[in-house]
2 protein chains.
Amino acid sequence: MARTSAYHHGDLRAACLRAARELLEEDGSAGLSLRAVARRAGVSATAPYRHYADREALVSAVAAEGYRELAEHLAGAHPTPSTPDELATVAVAYVRFALDHPALFRAMFAEPCDPASEERVAATNAIHEYVRSIVRTTFPGADAEALSTTVWALVHGLAFLHLDGKLDSSTPEAVTAQVTGAVHALFDASPALTSAARR
Amino acid sequence: MARTSAYHHGDLRAACLRAARELLEEDGSAGLSLRAVARRAGVSATAPYRHYADREALVSAVAAEGYRELAEHLAGAHPTPSTPDELATVAVAYVRFALDHPALFRAMFAEPCDPASEERVAATNAIHEYVRSIVRTTFPGADAEALSTTVWALVHGLAFLHLDGKLDSSTPEAVTAQVTGAVHALFDASPALTSAARR
DNA sequence: ACTACGATGTACGCATCGTTCACATCGCGC
DNA sequence: GCGCGATGTGAACGATGCGTACATCGTAGT
C-alpha cells in the first residue's frame, strides 16, 4: 500500500477496485456499498468519488475487470480450442468461473448495465469475439455468427441455472459432465449447420 | 380497492404485490423499495411489514408471481408443443417474456434467490418440469432430463444475452429468427442424442 | 349490548447508504 | 519558494430498511 503520505492514499483507484472485489466475494452484491469500500480502503466515505462518478461506475469497473479475468480464465483452460472436445473444456471453464465468483459474475451480467460504460461493452465484445473465433476454427463451414451466439447462450444459460441452484452443482464432476454433455448435444448438429450455411 | 375502513386497507398484501410489480416495470429493480410500495398503496411505510417479513420476502413474492405468469405465457404460445417447430415457438415466447418484463425477469433469476422461499423453488420446479414434459413428448427416445436442461439453458441464455443488449433485439422478427435458429441448431442433434440414450 | 382480543396500521427512531459541497492537504512545475 | 491542480476530509441532506411501542378496527364470547 504505497501511501505517498498520511493524507494522500497513493493509488485509491486500484485500492477501491480491490476492496470492491473483496466485498463482493464476501457479502455478495448487497454488501458492495461505496462507504464500505471507502472504509476498507482506509479512507473517508467520499474519497472514492474522486475516481468513480457514482456507485454504478465502480460496479462497472469491477464488472469490466471480471470480464478480463473471465477471458484469461477461458484462455487458460485451452489456448487454441479447435475440436468440440476442446471447446467443451472452455465451456466448462466458463461455468466454473461463474460458480467460483458468483457475485462477480452476477454483477457482470445480472444488472441493467447501461451501455454508456465503454470499458464494459468493449470487454463483452471481446468475449463475444473470442467465442466467435473459436467457433470459426472449430467449424470452418458453419455460420460463425449464428453458431457462436448459440453456443455462448447455451453456456451462459448453464452458468446462470447452476448459479441459481436449478442444476446439480454439488460436485465439480457433475458440473463438468452436465456442461460437456450439453455442448456435445449442440455440436452433434454441426454437420447440419454446415450444410445449411452452404445451401 | 375494497377498503374495509379508512384505517384498515382490506387487502394490503395484494395491493403491495401490484404496487411492487408496477414499480419494477417503471423504475427497474432499484426503484423497488418497501417505502415506495407502501406509498403507492397509500399506506404507512411500515405497514407492508405486516405481510412481508422484509424486502427480500416481497421480492420473492413478486418473483414467484412472475414465474406463474411465465408459465402461463409459455402455455399460451402453444398448449401442447410436440415438434421442434412448436418447441421453438415456446422458446421464442420465453425470450419475449424476458424482453417484455426485463426488471421482473431479472428479479426472478438475477438475484441470489435464497432457497428458503418455497413459493419460489416450487414455481421454478414447475417451469423445469414443464420444459421436461415438452421435451419428453417431442423426443420420446432422448434423455429427457439432460436434453431438457440443455434446451432450458439455451433459451435462458438467449434471454439474458438479449436483455443485456449483446444480441440484436431491435425488432421482434430478429429475436424470433435468432431464437428459432438456435433451437433448431440444437434439435438437429436429436437423433444423436436419442442414439446416445439407447447406447 | 358490551368487552376483550387478535389482526392490521401508524408513529417514531436508529443505522446505513448515496451524494453534494465547502474546505483542507499534498505534490509538482514554475 | 510558491502557487495551483489533484486528491482527500467533514458535515450534512434525503432516502432507505428495519425494529419497537402504540393506535385502531372487526369480531367472537359473554
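How many residues has H1(A), and how far does H1(A) reach from its first C-alpha to its last? The legends below refer to a predicted model, and the opening question is taken up in the first of them.

**Figure 1. Helix H1 of chain A and its buried residues.** H1(A) has 16 residues, and its first and last C-alpha atoms lie 21 Å apart, close to the 22 Å expected at 1.5 Å a residue. Its buried residues are Leu12(A), Ala15(A), Cys16(A), Leu17(A), Ala19(A), Ala20(A), Arg21(A), Leu23(A) and Leu24(A). The partners against which these buried residues pack are H2, helix H3 (55–77) and helix H5 (102–109) of chain A. An α-helix has 3.6 residues a turn, so residues three or four places apart point the same way. After H1(A) comes Gly28(A), with a positive phi near 75°.

**Figure 2. Arg21(A) within helix H1.** Arg21(A) belongs to the helix made of residues 12–27 of chain A. Is Arg21(A) buried or exposed? Arg21(A) counts as buried because it has 20 C-beta neighbours inside 10 Å, and the cut-off for a buried residue is 20 or more. Ala63(A) is 42 residues from Arg21(A) in sequence, yet the C-alpha atoms of the two are 9.4 Å apart.

**Figure 3. Ile127(A) and its contacts.** Ile127(A) sits in helix H6 (residues 118–138) of chain A. With 19 other C-beta atoms within 10 Å, Ile127(A) is partly exposed; a buried residue would need 20 or more. Which residues does Ile127(A) contact, leaving aside its neighbours within four places in sequence? They are Tyr67(A), Leu70(A) and Ala71(A). The C-alpha atoms of Ile127(A) and Trp152(A) are 9.4 Å apart, with their positions 25 residues apart in sequence.

**Figure 4. Helix H8 of chain A.** H8(A) is formed by residues 172–187. Its 16 residues reach 22 Å from the first C-alpha to the last, close to the 22 Å expected at 1.5 Å a residue. The buried residues of H8(A) are Val175(A), Gln178(A), Val179(A), Ala182(A), Val183(A), Ala185(A), Leu186(A) and Phe187(A).

**Figure 5. Chain A as a whole, with its C-terminal helix H9.** Chain A has 9 helices and 0 strands. Of its 199 residues, 43% count as buried. Among contacts in chain A with a separation of 6 or more, 64% join residues 24 or more positions apart. Mean pLDDT for the chain is 88, and 90% of its residues reach 70 or more. Which element of chain A has the lowest mean pLDDT? That element is helix H9 (residues 190–198), at 44, whereas H2(A) has the highest, at 97. Over residues 190–199 of chain A pLDDT stays under 50, and the model has 14 contacts beyond four places in sequence for this stretch. Where pLDDT is low, the predicted coordinates should not be read in detail.

**Figure 6. The contact between chain A and chain B.** Each side is made up of 34 residues, from chain B and from chain A. On the chain B side, at least two residues each come from helix H5 (102–109), helix H6 (118–138), helix H7 (144–163), helix H8 (172–187) and helix H9 (190–198). H7(B) supplies the largest share, 13 residues. By class, the side of chain B that touches chain A has 21 nonpolar, 9 polar and 4 charged residues. A turn of 180° and a shift of 0.0 Å along the axis lay chain B on chain A with an RMSD of 0.1 Å. This is the relation of a two-fold axis. The copies meet through the same surface, because 100% of the interface residues of chain B are also interface residues in chain A.

**Figure 7. Helix H7 of chain B.** Of the 20 residues of H7(B), 17 are buried, and the helix is mostly covered. At 1.5 Å a residue H7(B) should span 28 Å, which agrees with the 28 Å between its end C-alpha atoms. Gly165(B), which follows H7(B), has a positive phi near 75°.

**Figure 8. Surroundings of DNA strand C.** Among the 25 residues around the strand, Ser33(A), Asp54(A), His9(B), Ser44(B) and Ala47(B) come nearest. Helix H2 (residues 34–40) of chain A gives the most to this surface, with 3 residues. The surface near DNA strand C has 11 nonpolar, 10 polar and 4 charged residues.

Note on methods. Residues numbered from 1 in each chain as written. Chains lettered and ligands numbered in written order. Predicted model: local features only at pLDDT ≥ 70, side-chain atom pairs only at ≥ 80, totals over all residues. Near = placed C-beta within 6 Å. Helix = DSSP H or I, 4+ residues; strand = E, 2+ residues; numbered from the N terminus. Nonpolar A, V, L, I, M, F, W, Y, C, P; charged D, E, K, R; others polar. Contact = placed C-beta atoms within 7 Å. Expected span 1.5 Å × (residues − 1). Buried ≥ 20, exposed ≤ 12 C-beta atoms within 10 Å, placed from the backbone. pLDDT = per-residue confidence, 0-100. Least-squares fit on C-alpha atoms with pLDDT ≥ 70 in both.
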